[in-house]
Each structure stands twice: as structure tokens, then as C-alpha cells.
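Work through the exercises below with the sequence and the structure side by side. Try each task on your own before you read the solution that follows it.

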Amino acid sequence: MQTQRRALGTAVLGLALTLAGPAWADDDPVVHVRFPAGTLLPYLDQQTAGGSWELACRAPCDQPLAAGRRYRIRGRTGHPSESFLLPRTAHVNVDASVGTPAATVFGSVFAVTGGVALVGGLALAVWPGDSDSDARGGRVVVGIGSMIVGAISVGVGLLVWHFGDTHAAVTPLAPLPQAKSSIQWTGTGIVF
Amino acid sequence: MDGHGYRLLKPIAMVTVFALTCAHAAAGCWTPPMTWRPSSRPLVAVPGRALVVAFAPRLARTPGVLTTRILDENAETVADVPDGDCAVFDAAPGEHLFAASVDSQTGFAGSVGALRATLAAGRTYVVRVDKGWTRSGGMRSEEELVLELVAIRADDVPAVLSQLRVDPRVELLPKEGRPRTRADDIDLREAVVGIARLRAGGDDPALALPEPLRSLVPRTPPWSAARSTLQEDDGAPP
């Protein structure tokens with residue numbers, strides 16, 4: 001009885017996979033990855049069923065990849081981009097910019113140092129309790145100067161951190177061609 | 001300042017002047033290490049391999065020597081072609097994509113040349129390294145180096161080869177004894193081949209930039225399949 005049930009289950013699964021096969025393949029977009037000159041080569045990773053990441057292709061890729069999976073862009077070294085899904089279209093452009101670890105480090109250092117200078121300057125400028133007006137005036141000037149330098153450093157740090165980070169912009173290029181069969185597997189059921 | 005202060009200042013000033021003089025001299029006279037050697041090999045392919053001869057006409061208005069590095073599709077260095085010289089290298093028969101860049105100038109996609117090639121064993125192929133300058137657009141006012149690898153057609157190969165036979169030529173030093181340069185960086189080599197693939201596929205790498213930045217970089221010159229594709233029968237037979 002158990003053997004018969006297993007055989008029936010296998011047959012149903014086989015039928016579903018047979019129906020699902022062509023429709024799923026039609027949904028795979030051909031992925032074209034491009035990147036600006038002067039930046040690192042983008043690697044495209046795909047997420048496995050177990051949640052880990054594996055290399056799918058390197059720019060310019062130009063091969064079909066499974067839609068509905070999660071992908072990310074990374075360089076040979078450095079931080080990966082946010083993960084993204086590929087749309088169900090015939091062709092997809094992924095415009096990638098791979099950041100460098102140095103930009104992340106420098107951006108963070110600038111931002112943190114600037115933040116410290118900003119807070120320190122503010123504290124210096126508004127700290128009460130100096131009876132000598134000349135000394136207080138000098139302290140305010142130093143505090144404001146420190147705040148200005150700190151603000152500039154924070155701005156530069158954030159800019160370096162932002163543009164030095166890894167980005168990916170996904171643009172669908174062409175709609176899917178008409179399905180060849182009227183029977184399709186949608187992922188949750190069969191549609192006639 | 002007392003006499004003791006002046007006695008201290010003098011050596012500091014001398015050291016500073018000496019350091020600045022050395023730095024200036026080094027900036028003007030520094031040349032990249034030699035990665036090639038004179039080659040006496042005949043311009044004939046060895047059995048089972050194709051021979052590629054790449055020559056680079058000297059670019060006018062260029063101080064120093066520009067060396068064009070040629071990479072294969074696996075980002076491996078196959079030749080360094082000094083300006084005004086020609087270099088030879090072996091390649092496996094079959095389809096290839098060769099990428100070229102000059103002295104690590106890879107910030108502009110037009111500075112990366114691309115050549116598609118279908119090579120046959122025993123044949124000798126000729127490639128010309130074309131270089132020029134283009135005025136960059138947007139906010140940048142300096143000139144950018146434009147580089148392209150141009151296939152020499154079968155009809156012209158005998159004449160070019162007869163000229164090149166009398167010219168001195170070079171070949172890449174073996175990998176073990178070759179001095180490392182910035183162009184050997186794996187990230188740089190991979191990026192050059194990636195840009196070459198994009199160009200040879202008809203794409204403009206600058207389009208990957210977001211809109212505000214896109215207008216600041218010069219347009220990449222279009223890659224021409226007619227000029228930069230070596231057909232199998234373009235090579236001189238043995």
C-alpha cells in the first residue's frame with residue numbers, strides 16, 4: 001500500500017515537473033551585467049535553497065538565470081550589494097558598481113572622526129561656566145570651527161561610503177513572449 | 001631665534017631640499033620595469049599553435065614610452081607592446097577575445113581595446129594597436145587615450161609581415177622572471193577583460209553609471225566588428 005502511494009506521488013510529481021519545466025524555462029531572463037570603466041568587475045551570486053550564496057556568472061554574464069531567486073552583486077573582494085529578485089522578462093540589464101573595501105574604511109573613518117569633531121565642537125561652544133569672557137569667546141570660536149570641520153568630514157565620509165559601496169540597478173528590457181502552451185505551472189497550481 | 005635654532009634649521013632645510021629634488025627627478029625619469037625582451041624567433045607559428053604579431057605605431061605627442069598590455073579572455077597577459085615596436089605571442093587555435101589597455105589607464109572605456117579572433121593552428125596573424133586622443137566631454141577637459149586593436153586582413157598580411165621581419169621585435173618575459181607592475185593586479189586585469197567584453201558586445205560601459213554621473217564621462221567610441229575581428233583565414237598560411 002505504501003509502495004503504491006509512493007508510486008502515485010512520484011507520478012503526480014513527475015507530471016507537475018513535466019508541466020512546470022517549459023513554462024519555468026520560458027521565465028528565465030537573459031541577464032546582461034554592465035559596469036563603468038575604472039571600477040572592479042562585478043560577480044553575480046545567486047542564493048541557494050540552503051540560504052548560502054554561489055557564483056552564477058561574472059559581468060557581462062549574458063546568460064539566462066532563474067527568475068524568482070535572490071541575487072546579489074559583489075566584487076572579488078569587498079562588500080556585496082543588497083540582494084534583489086530578477087523580474088520575469090526576456091532580458092534584464094543589471095547596472096552594477098562594485099565598491100572597494102578601501103572606500104568603506106575611509107568613508108567610515110571620515111564619518112566617525114567628523115562626528116566626534118562635530119559633537120566635541122558643539123560641547124565646547126555651549127559649555128557654560130567660564131567667567132573670563134575672552135577665554136569663553138575663544139572657546140566658542142574653536143568650537144564652531146570644530147563643528148564646521150566635523151560637518152564637512154561627515155559629509156565627505158558619507159559620500160565616499162555611499163559611492164564606494166556596491167550597488168546594483170535592475171532594469172527589465174523586454175516583456176516575455178507569449179506562452180507556447182495554454183497549460184502552465186504557476187508555482188502553486190496548474191492553470192489551464 | 002638663537003644660534004642653536006639656526007644650527008637645527010640648516011640640516012632640516014638641506015634634507016627637505018634633497019628629498020624634493022629626488023622626488024622631482026624620480027617623477028620625471030621613472031620608467032616602468034621591463035617586462036619584455038628582444039625576440040629573435042621567426043614570424044612563423046610553431047606546429048599546433050597560432051602566432052599573433054601585434055605592432056604599435058608610435059603615438060605622437062606622448063612623453064615617455066606607452067606600453068600596450070594585451071590580455072586573453074582569461075585575463076592572462078599574452079603580450080606587452082612598447083610604442084613603436086612589435087610583439088609576438090603564441091595562442092591556441094580556436095575562438096578568443098583579446099583585451100588591451102595602456103599603462104593601467106582604465107578609467108575610460110575607450111582606453112580599453114577589444115579584438116575577437118578565430119585562430120587556426122600554423123597560421124600567423126597580424127594585429128595593429130591603434131591609439132589616439134579624444135577630447136573628453138562633460139566637466140572634464142583633459143584628453144583621453146583611445147585604443148583599439150585592429151585586425152590586418154589576409155590581403156595585407158604579407159606586406160606587413162615583410163616590413164615587420166626587418167624590424168626588431170619583442171616577446172613577453174616568462175612569468176617567473178617577469179617584474180610585477182600595477183597592470184598585473186588581478187582586479188585590474190579582470191576589469192579590463194570585462195570592459196572589452198562589454199564593448200565587443202556592442203554595449204557602452206558608461207551607461208552603467210547613474211544619470212547624474214553619466215553626462216560627466218565621455219561617450220565610449222563604438223566598437224567595430226568589421227575592424228576588430230580576426231577571421232580564421234586572415235592568417236598567413238605556413
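**Exercise 1. Find the residues that stand opposite Thr68(B) in the neighbouring strands, and say how those strands pair with β3(B).**

Step 1. In this predicted model, Thr68(B) stands opposite Val102(B), which belongs to β6(B). The two strands, β3(B) and β6(B) (residues 94-102), pair in the antiparallel sense, and four bridges connect them.

Step 2. Turning to β4(B), we find that the bridge partner of Thr68(B) there is Val81(B). The strands β3(B) and β4(B) (residues 77-82) also run antiparallel, and they are joined by five bridges.

Step 3. Between the strands of the hairpin made by β3(B) and β4(B) there are five residues, and in this hairpin Ala75(B) takes a positive phi near 65°.

**Exercise 2. Is strand β3 of chain B buried or exposed, and what can be said of its two faces?**

Step 1. A residue counts as buried when 20 or more other C-beta atoms lie within 10 Å of its own. By this cut-off, five of the five residues of β3(B) (residues 67-71) are buried, so the strand is largely enclosed by the rest of the structure.

Step 2. In a regular strand, side chains alternate between the two faces of the sheet. In β3(B), Thr67(B), Arg69(B) and Leu71(B) lie on one side, while Thr68(B) and Ile70(B) lie on the other, and both faces are covered.

Step 3. For a comparison with the neighbouring strand, take Pro82(B), which lies in β4 of chain B. Pro82(B) has 17 C-beta neighbours inside 10 Å and therefore counts as partly exposed.

**Exercise 3. Describe the six-stranded open sheet of chain B, and state which strands form its edges.**

Step 1. The order of the six strands is β1-β10-β5-β2-β8-β9, and their pairing is mixed. At the edges stand β1 (36-39) and β9 (143-151) of chain B, each of which pairs on one side only. On average, and with direction ignored, neighbouring strands of this sheet are turned by 30° against each other.

Step 2. One pair within the sheet is parallel: β2(B) (residues 50-55) and β8(B) (residues 124-135) are connected over five bridges. In this pair, Leu51(B) stands opposite Thr124(B) of β8(B).

Step 3. Helix α2 of chain B (residues 157-166) lies across β2, β5 (86-91), β8 and β10 (169-172) of chain B, and the helix runs at about 85° to β8(B).

**Exercise 4. Which residues have the most contacts inside the largest nonpolar core, and which helix gives the most to this core?**

Step 1. The largest nonpolar core has 73 residues, and those with the most contacts inside it are Ala96(A), Ala54(B), Ala99(B), Val112(B), Val127(B) and Val192(B). Helix α3 of chain B (residues 186-200) gives the most to this core, with eight residues.

Step 2. To see one of these residues in its surroundings, leave aside the neighbours of Val127(B) within four places in sequence; Val127(B) is then in contact with residues including Val52(B), Ala54(B), Leu115(B) and Leu149(B).

**Exercise 5. Describe the four-stranded sheet of chain A, and explain why β3(A) and β6(A) each have one side without a neighbour.**

Step 1. The four strands form an open sheet in the order β3-β2-β5-β6 (chain A), with antiparallel pairing. Because β3 (53-58) and β6 (84-85) of chain A stand at the edges and each has a single partner strand, one side of each is left without a neighbour in the sheet.

Step 2. The antiparallel strands β5(A) (residues 70-74) and β6(A) are joined by two bridges, and Tyr71(A) stands opposite Phe84(A) in β6(A).

Step 3. Confidence should be considered as well: the mean pLDDT of chain A is 79, and 75% of its residues reach 70 or more. Over residues 13-24 of chain A, however, pLDDT stays under 50.

**Exercise 6. How many residues does each chain bring to the contact between chains A and B, and of what kinds are those of chain B?**

Step 1. The contact takes 15 residues from chain A and 19 residues from chain B.

Step 2. On the side of chain B that touches chain A, the residues divide into eleven nonpolar, four polar and four charged.

Methods
Residues numbered from 1 in each chain as written. Chains lettered and ligands numbered in written order. Predicted model: local features only at pLDDT ≥ 70, side-chain atom pairs only at ≥ 80, totals over all residues. Contact = placed C-beta atoms within 7 Å. Nonpolar A, V, L, I, M, F, W, Y, C, P; charged D, E, K, R; others polar. Buried ≥ 20, exposed ≤ 12 C-beta atoms within 10 Å, placed from the backbone. Pairing = 2+ DSSP bridges. Axes fitted to C-alpha atoms, helices over the stretch in contact; angles between N-to-C directions. pLDDT = per-residue confidence, 0-100. Core = buried A, V, L, I, M, F, W, Y, C linked by C-beta atoms within 7 Å.
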